[in-house]
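Let's take a walk through this structure together, one region at a time. Keep the sequence beside you as you read.

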Amino acid sequence: MKPIMLEVTDLVKHFKSPGGLFRRAERVMALDGVTLSVPEGETLGVVGESGCGKSTLARAILRLHEPDSGRVTIHGTDWTALKRKELGRKRVEAQIVFQDPYASLDPRMTVESTLSEPLIIHRKRNGLRMNASRIGDRVAELLTTVGMSPAFAKRYPHEFSGGQRQRIGIARALALNPRLLLLDEPVSALDVSIQAQVLNLLARLQRDLGLTYVFISHDLAVVRHISDRVAVMYLGRVVELSPADPLYRKPLHPYTKALLSNHPVPDPVRERSEKRRRERILLPGELRPRRPEDRGCRFRERCHLQTELCGRVEPALEEKEPGRFSACHHWDNV
């Protein structure tokens, strides 16, 4: 067994929605008891509809959003118990790559300033011996690592394409030699051809640097390509957790099955010729925020397998097959 790099236990984060003239303020359960773990050197893909809590999960793990309860352990250290000053020192171990490369880079800062900023900050925090010359060498090294010329260091973000900006964002995340990277839909804003380049870069960096990834996306094809295991989220909770290939072949939760049924087919002509045409599952209703007073299974209103039990008892995420977990009372009928 590989050592565990990231362990999340019963993580909860609620937001208060603003009230209005005809609407009272309410608590929205963005994360409602998320539990998962990621071994060293592996990639956990996190998928689900917009609004299911994927990005909130990434930010809560790093305490960019302070969780209301639960525990996050990174490389053996309980991050939720760290004081603010201790947390600042520990941030060298885990970094994030944001979704939008056009918004995540400061337009007033050169590439050199962007990449050197974390080095300067943590030189002061952790007493790193790194003078201006060494910082310049590290910036050039980072640009080379992500496939860009060190000559680009004096340029500004508006002078680069979306794919180049995302490479700069990845270089910034790598500046402090982290062990864990949280990738929040890092290729969703890029063209398909550029997506492939960035994904290949991430795979190479993981292989060369021994990184551990949490890869958040709504693109099931991308997640299957890059992930060792996949966590499916619905309304703030993981409803299925499984190695990637078994999950795509035989889902154990009706929500996962619905997602996969609407996933584009690479070769529809071949699928028709082999009589494997899939039946698309169109989920009724909309993704309605979970509230503290709600009871029962959070997916039951959109599920064709729902029974009276589903309205009374919320199913726990339990191991149904070796290494495969599902939160469904009727998983064996999926």
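**A guided tour, starting at a pocket**

The second largest pocket has a volume of about 450 Å³. Please keep in mind throughout that this is a predicted model. The pocket is lined by 20 residues, and those nearest its centre are Gln95, Ile96, Phe98, Pro118 and Arg172. Three elements give two or more residues each to this lining: strand E6 (94-97), helix H3 (111-126) and helix H5 (162-174). Helix H3 supplies the largest share, with six residues.

Next, let's turn to the sheet. Four strands form an open sheet in the order E2-E1-E4-E5, and their pairing is antiparallel. Its edges are strand E2 (26-39) and strand E5 (77-78), each of which pairs on one side only. Strand E1 (residues 4-17) is joined to E2 by 11 bridges, and within this pairing Glu7 stands opposite Ser37 of E2. E1 also runs antiparallel to E4, with five bridges between them. Here Leu6 has Ile74 in E4 as its bridge partner. Finally, strand E4 (residues 69-74) is linked to E5 by two bridges, again in an antiparallel arrangement.

Ile74 deserves a closer look. This residue belongs to strand E4, and it has a bridge partner in E5 as well, namely Thr77. Is Ile74 buried or exposed? Its relative accessible area is 0%, so Ile74 is buried. Setting aside neighbours within four places in sequence, Ile74 is in contact with Met5, Leu6, Ile61, Trp79, Glu93, Ala94 and Leu180. For a sense of scale, you can find Pro157 in the viewer: it is 83 residues from Ile74 along the chain, and their C-alpha atoms are separated by 32 Å.

Step one residue on and you reach His75, in the loop between E4 and E5. With a relative accessible area of 31%, His75 is partly exposed. Leaving aside neighbours within four places in sequence, its contacts are Met5, Glu40, Glu93 and Arg179. Met5 and Glu93 therefore appear in the contacts of His75 and also in those of Ile74. His75 and Asp228 are 153 residues apart in sequence, with 19 Å between their C-alpha atoms.

Another loop residue to visit is Glu42, found between E2 and strand E3 (43-47). Glu42 counts as buried because its relative accessible area is 19%, and the cut-off for burial is under 20%. Beyond its neighbours within four places in sequence, Glu42 is in contact with Lys2, Gln206, Leu211, Thr212, Tyr213, Asp228 and Arg229.

Now for the interior. In soluble globular proteins, nonpolar side chains tend to be buried together. The largest nonpolar core here has 54 residues, and those with the most contacts inside it are Leu115, Ile170, Leu174, Leu202, Phe215 and Val230. Taking Ile170 as a starting point, you will find that it touches Val97, Val146, Val198, Leu201, Leu202 and Leu205, not counting residues up to four places away in sequence. A second, separate core has 31 residues, including Val8, Leu82, Leu182 and Leu241.

Helix H9 (residues 254-261) is another place to look for burial. Six of its eight residues are buried, so helix H9 is largely enclosed by the rest of the structure. The buried ones are Pro254, Tyr255, Thr256, Ala258, Leu260 and Ser261. What do they pack against? Their partners are helix H7 (220-226), strand E9 (229-234), strand E10 (237-243) and helix H8 (244-249).

Our last stop is a pair of cysteines. How far is the sulfur of Cys297 from the closest cysteine sulfur? The distance is 5.8 Å, to Cys310, which is too far for a bond. A disulfide would need the two sulfur atoms within 2.5 Å, and the count for this model comes to zero disulfides. Both cysteines are nevertheless buried: Cys297 has a relative accessible area of 11%, and Cys310 has 6% relative accessibility.

Key:
Residues are numbered from 1 along each chain as its sequence is written. This is a predicted model: local features need pLDDT of at least 70, side-chain atom pairs count only at pLDDT 80 or more; totals for chains, interfaces and linings use all residues. Side-chain values use heavy atoms; hydrogens and water are left out. Two strands pair if DSSP finds at least two bridges between them. A nonpolar core is a set of buried Ala, Val, Leu, Ile, Met, Phe, Trp, Tyr and Cys residues joined through side-chain atoms within 4.5 Å. Buried means under 20% relative accessible area, exposed over 50%, partly exposed in between (1.4 Å probe, protein chains only). Contact means heavy atoms within 4.5 Å. On a 1 Å grid over the protein atoms alone, a cavity is a set of points where a 1.4 Å probe fits but cannot get out, and a pocket is an open set with protein on both sides within 12 Å along at least five of seven lines; lining residues have an atom within 4 Å of a point. Grid points are joined across faces, edges and corners, and a volume is the space filled by probe spheres set on the points.
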